[in-house]
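Good morning, colleagues, and thank you for the time. I should like to take you through one structure, beginning with the whole chain and ending with individual residues.

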Amino acid sequence: MKNLRLKSARAAKDLSQQELADICGVSRQTINAIEKGDYNPTIKLCIAICHALDKTLDDLFWE
């Protein structure tokens, strides 16, 4: 399932996939795969993404 909430939150912060990836210490391809729903990130990466985007786990990853 695509993660449109992550993509929207990233866009709202005016960050590219590469910029978010750099902040979180992963590749751009990893961020792309998460947004497309092709990759299930670790909780550690989920938390790093949430911190970078000023969101909670509920906001971005949990129903």
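I shall describe the fold, then the core, then the loops and some individual positions.

Please bear in mind throughout that this is a predicted model. The chain contains five helices and zero strands. Read from the N terminus, the order of elements is accordingly α-α-α-α-α.

Let me turn to overall dimensions. Along the principal axes, the C-alpha atoms occupy a box of roughly 25 × 20 × 20 Å. The radius of gyration is 10 Å, which agrees with the value near 11 Å expected for a compact globule of 63 residues. Of those 63 residues, 38% count as buried. If we take the contacts between residues at least 6 apart in sequence, 51% of them join residues at least 24 apart.

As for the surface, the chain exposes about 4100 Å², and carbon and sulfur atoms supply 51% of that area. The chain carries 9 positive and 9 negative charges, and the mean positions of the two sets lie 4 Å apart.

I now come to the interior. In soluble globular proteins, nonpolar side chains tend to be buried together. Which residues have the most contacts inside the largest nonpolar core here? They are Leu-6, Leu-20, Ile-49, Leu-53, Leu-60 and Phe-61, in a core of 17 residues. Each of H1, H2, helix H3 (28-36), H4 and H5 supplies at least two residues of this core. The largest share, six residues, comes from H4.

Ile-49 deserves a moment of its own. Leaving aside neighbours within four places in sequence, Ile-49 is in contact with Leu-6, Leu-20, Cys-24, Ile-31, Ile-34, Leu-60 and Phe-61. Of these partners, Leu-6, Leu-20, Leu-60 and Phe-61 also appear among the core residues with the most contacts.

Next, I should like to consider H3. Its buried residues are Thr-30, Ile-31, Ala-33, Ile-34 and Glu-35. The cover over the buried residues of H3 includes H1, H2 and H4. Within this helix, Thr-30 counts as buried because its relative accessibility is 18%, and the cut-off for buried is under 20%. Setting aside residues up to four places away in sequence, Thr-30 touches Tyr-39 and Leu-45. Just after H3, Gly-37 adopts a positive phi of about 85 degrees.

That brings me to backbone angles in the loops. Most residues other than glycine have a negative phi. Which positions call for a closer look in that respect? One of them is Asp-14, with a positive phi near 60 degrees. Asp-14 sits in the loop between helix H1 (4-12) and helix H2 (17-24). Another is Asp-54, whose phi is likewise positive, near 55 degrees. Asp-54 lies in the loop between helix H4 (43-53) and helix H5 (57-60).

Are these two aspartates buried or exposed? Asp-14 counts as exposed, at 67% relative accessibility. Asp-54 is exposed too, with a relative accessible area of 58%.

The loop between H1 and H2 also holds Ser-16. Ser-16 is partly exposed, because its relative accessible area of 30% falls between the cut-offs of 20% and 50%. Although Ser-16 and Arg-28 are twelve residues apart along the chain, their C-alpha atoms are separated by 8.9 Å.

My last position is Lys-44, in helix H4. Lys-44 counts as exposed, at 70% relative accessibility. Lys-44 and Cys-24 are 20 residues apart in sequence, and the distance between their C-alpha atoms is 9.8 Å.

To close, I would ask you to keep two points in mind as you look at the model. The chain is built from five helices, without strands. Its largest nonpolar core has 17 residues, and H4 gives the largest share of that core. Thank you for your attention.

Definitions and conventions:
Residues are numbered from 1 along each chain as its sequence is written. This is a predicted model: local features need pLDDT of at least 70, side-chain atom pairs count only at pLDDT 80 or more; totals for chains, interfaces and linings use all residues. Side-chain values use heavy atoms; hydrogens and water are left out. Helices (H or I, at least four residues) and strands (E, at least two) are DSSP runs, numbered from the N terminus. The radius of gyration is taken over C-alpha atoms; the globule rule is 2.2 Å times the number of residues to the power 0.38. Buried means under 20% relative accessible area, exposed over 50%, partly exposed in between (1.4 Å probe, protein chains only). Contact means heavy atoms within 4.5 Å. Accessible areas come from the Shrake-Rupley method with a 1.4 Å probe; for residues, only the protein chains shown count as cover. Lys and Arg count as positive and Asp and Glu as negative; His and the chain ends are not counted. The place of a charge is taken as NZ of Lys, CZ of Arg, CG of Asp or CD of Glu. A nonpolar core is a set of buried Ala, Val, Leu, Ile, Met, Phe, Trp, Tyr and Cys residues joined through side-chain atoms within 4.5 Å.
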